[in-house]
Amino acid sequence: MSLEYRIGLGHDTHRLVEGRPLILAGIRIEHELGLLGHSDADIVLHCLADALLGAAGFGDIGEHFPDTDPACKDLDSTRLLADVVALVESRGWTLVNADIIVHAQVPKLLPYKAAMKSKVSQLLHASEDRINLKAKTGERVGPVGRREAMQAEAVVLIQRPI
Ligand code: MG
């Protein structure tokens, strides 16, 4: 059986503010600041959704989940990503692997990485060995380093029978 492959890239940035929970990859992270956004501002799940949409040729999450749509207000991003996965799978695609980078000056994400990876693996219907998660600081420069924002990036590879 021959397979075709597509690669997709996703990126997301949200501002850090007081009075918001910090949710990364669907996991609540203990921190004094949280990410500001129309939805729950989960940068990890947003960049994964964009990477999958990109790989399958379906545009971006702004087109599918407009922030002007009241239905998307405080949207649980696990639902958003589940919808994107369903769309991509409906066209016969399955995930080969995903590689994710979270840029956060603080807090240390190491204690949460296993839970984050497990959640992503469930949402993407892929075994954990196909999911890689990296955390980087901002080296105290730029918006990430000054703790003004967090960013995340993901690349995904998808495949389907030709
Ligand atoms: Mg976002």
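Contact here means heavy atoms within 4.5 Å. Welcome to this predicted model, where local features need pLDDT of at least 70, side-chain atom pairs count only at pLDDT 80 or more, and totals for chains, interfaces and linings use all residues. Residues are numbered from 1 along each chain as its sequence is written, and side-chain values use heavy atoms, with hydrogens and water left out.

Let us start with the core. The largest nonpolar core (buried Ala, Val, Leu, Ile, Met, Phe, Trp, Tyr and Cys residues joined through side-chain atoms within 4.5 Å) holds 50 residues, and Val102 is among those with the most contacts inside it. Helix α1, residues 43-56, gives the most to this core, with eleven residues; helices are DSSP runs of H or I with at least four residues, and strands are runs of E with at least two. Beyond its neighbours within four places in sequence, Val102 touches residues including Ile43, Gln151 and Ala152.

Asp12 has those three among its own contacts, again leaving aside neighbours within four places in sequence. Asp12 sits in strand β1, residues 3-18, and a polar contact (N or O atoms within 3.5 Å, one able to donate a hydrogen and the other to accept it) of 3.1 Å joins its side chain to that of His46.

Next comes the magnesium ion. Its protein donors, meaning N, O and S atoms within 2.8 Å of the metal, lie 2.2 to 2.3 Å from it and come from Asp12, His14 and His46. Two of these residues are buried, meaning under 20% relative accessible area with a 1.4 Å probe, protein chains only:

| Residue | Relative accessible area |
|---|---|
| Asp12 | 14% |
| His14 | 14% |

Technical notes:
Donors = N, O, S within 2.8 Å, 3.2 Å for Na, K, Ca; no water.
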